[in-house]
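Work through the exercises below with the structure in view. Try each task before you read its solution.

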Amino acid sequence: MAAHGFWSLGAENAGNDAGNQSPSTPRAWCQAAAQKLSGGIGSKLCALLNVGEVEKSAAPSLKQQQQQEAGTEAPAAATCGCNKPCGCNKAAVPVVFSDLYSTDLLPALDGDTKTMTFLQEVVDILLAYIVESFDRETKVIDFHYPNELLQRNNWELQDEPETLDDILISCRATLKYAIKTAHPRYFNQLSTGLDMVGLAADWLTSTANTNMFTYEVAPVFVLLEYVTLKKMREIIGWPDGRGDGIFSPGGAISNMYAMLLARFKMFPEVKEKGMSSVPRLVAFTSEHSHFSVKKGAAALGIGTESVICVKADESGKMIPSDLERRILEAKQKGFVPFFVSATAGTTVYGAFDPLIDISDICKKYNIWMHVDGAWGGSLLMSRKHRWKLDGVERANSVTWNPHKMMSVPLQCSALLIREEDLMQNCNQMHACYLFQQDKHYDLSYDTGDKALQCGRHVDIFKLWLMWRAKGTIGFEAQIDKCLELSEYLYNKIKGREGYEMVFNGKPQHTNVCFWYLPPGMRYLEDKEEKMKRLHKVAPVIKARMMEYGTTMVSYQPQGDKVNFFRMVISNPAATFEDIDFLIEEIERLGNDL
């Protein structure tokens, strides 16, 4: 594989300094980095990457050990095992992981060298996996059926500890059977790709290992969340970025937060007295919306039957006239409409509901308007495509998942709220052991009491650091490229023999929905028999993709439509050639069906 981007730094020196190493290996790269990166950064990184090599080279072979024990080999000169220049007389001690356990690592006494060496081994495993993930010659997946995979390795938990050597083996095995979601030919989900800066930020976040509930334990992260949420509200179009927000564990929870706030806004007494204190509430959403709207209603005690699905047009957009009709019907039955969830980028079709028309209706009937932009919200970063969310600034709340189109490592989902203090009033419980009112700093930065969670993971640093690295224009270019690729796919297959589009017109997002008809069923006259057979085509091709490991793309039925492929592109590594490969692979794997 040709080296590209980050790892290409070592390519030109591979023949001189890297010996027989591939230019895409961490070792070759760090040697080149030591020469090219300024300020001594390359040398420091190279030193870090070479910690494991130093320790491994210090470990004697079995033959050397036997010779030493027999007295047939002269003892090696004592050398220092420190990781920096010093004058100590401590001899280097070889690290043999088969003899070590987790209790030998920090905070164990003299555990620093062992810890550094162990972690370097882990980093080497990770770096090799990262490089492999971008190699188109490698498989996207090494598929095994569940029972087979259970039997191939001992995954059971034991009473006795395993050695660090066993732990490293487990790390390698886990990645061996993991799906390479960074692979340029992985198109299976809305969240794909692997950003190097985001990955570095995730490593840093885990190293810091703190909680987002108070400023006192997460000062920088709390401030970064404040800064970033304000920026996102500005992009939505709320004046001066005013409002509130929070990062939550995924778009489903963000949507549930929005429903919770809408209910509290209309009936604040529900917080203390429960659902028995309020009339029958009803929510509205498109028939193409995400299942999380109904799931949130179930979790909040509102009930799935209180979520009324509004008809969508052929392209998957909510029909505003049907929304208004159903609101009036609900009111005539004595129900109280309190929440409308419009979708900006539906999961299957990638449709954008007409937000301006929907907001007019919500204003007319005094209903909370939420925009589920988990998938499509990132198009706000694109000057070319943000018109698809016109009217989003009129919403009361917006869900936006940077871990999708912006390729921030999972998970990273934001709920943005137009009204300040509402979230705090809705969720606060005044726990005095966390949110003391006599602290010596501004208590508004203790954000934990407005969240449903107590423990809350630091999701902000990945997004913030990537934003610093790319700038808004970098995200814009990335998003525009993915949409360009989807249009390329659409144009390539819309008139190609054997393909039928699920709905007419260009894709609104990167979702391209289509059927592939193998040669044997293209001219079937019995429509019922044709649909019956076509329903089985996508699952078989998908299964073959996974068994060969060449690519992955999703499929599903929708309403009365039989199984079709739903191609989505959110991976910045994908190219036009990868789209061509997908088409050829579908035809290769499905030609005999």
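**Exercise 1.** In this predicted model, find which strands helix α12 lies across.

*Solution.* Start at residues 292-299, which form helix α12. Look for the strands it lies across: they are β3, β4 and β5 (336-343). Now take the direction. Helix α12 runs at about 165° to β4.

**Exercise 2.** Work out how β3 and β4 are joined.

*Solution.* Locate β3 at residues 281-286. Four bridges join β3 to β4. The two strands run parallel. For one position, go to Thr285: this residue stands opposite Cys309 in β4.

**Exercise 3.** Write down the strand order of the open sheet, then name its edge strands.

*Solution.* The sheet has seven strands. Their order is β2-β8-β7-β6-β5-β3-β4, and the pairing is mixed. The edges are β2 (244-248) and β4 (307-310), since each pairs on one side only. From one strand to the next, the twist averages 20°.

**Exercise 4.** Place Asp372, then decide what its side chain has as polar partners and whether a salt bridge is present or absent.

*Solution.* Asp372 sits in strand β6 (residues 368-373). Asp372 is buried. Check for an opposite charge: the nearest such side chain is Lys404, 6.6 Å away. A salt bridge needs a distance within 4 Å. Asp372 therefore has no salt bridge.

Next, the polar partners. The side chain of Asn255 makes a polar contact with that of Asp372 (3.2 Å). A polar atom of the Asp372 side chain also lies 3.1 Å from the backbone nitrogen of Ala374. Beyond four places in sequence, the contacts of Asp372 include His290, Ser341 and Thr399.

Conventions:
Residues are numbered from 1 along each chain as its sequence is written. This is a predicted model: local features need pLDDT of at least 70, side-chain atom pairs count only at pLDDT 80 or more; totals for chains, interfaces and linings use all residues. Side-chain values use heavy atoms; hydrogens and water are left out. Buried means under 20% relative accessible area, exposed over 50%, partly exposed in between (1.4 Å probe, protein chains only). Lys and Arg count as positive and Asp and Glu as negative; His and the chain ends are not counted. A polar contact is a pair of N or O atoms within 3.5 Å; within protein, one must be able to donate a hydrogen and the other to accept it, and residues adjacent in sequence count only if both atoms are side-chain atoms. Contact means heavy atoms within 4.5 Å. Two strands pair if DSSP finds at least two bridges between them. Axes are lines fitted to C-alpha atoms, for helices over the stretch in contact, and angles run from 0 to 180 degrees between N-to-C directions.
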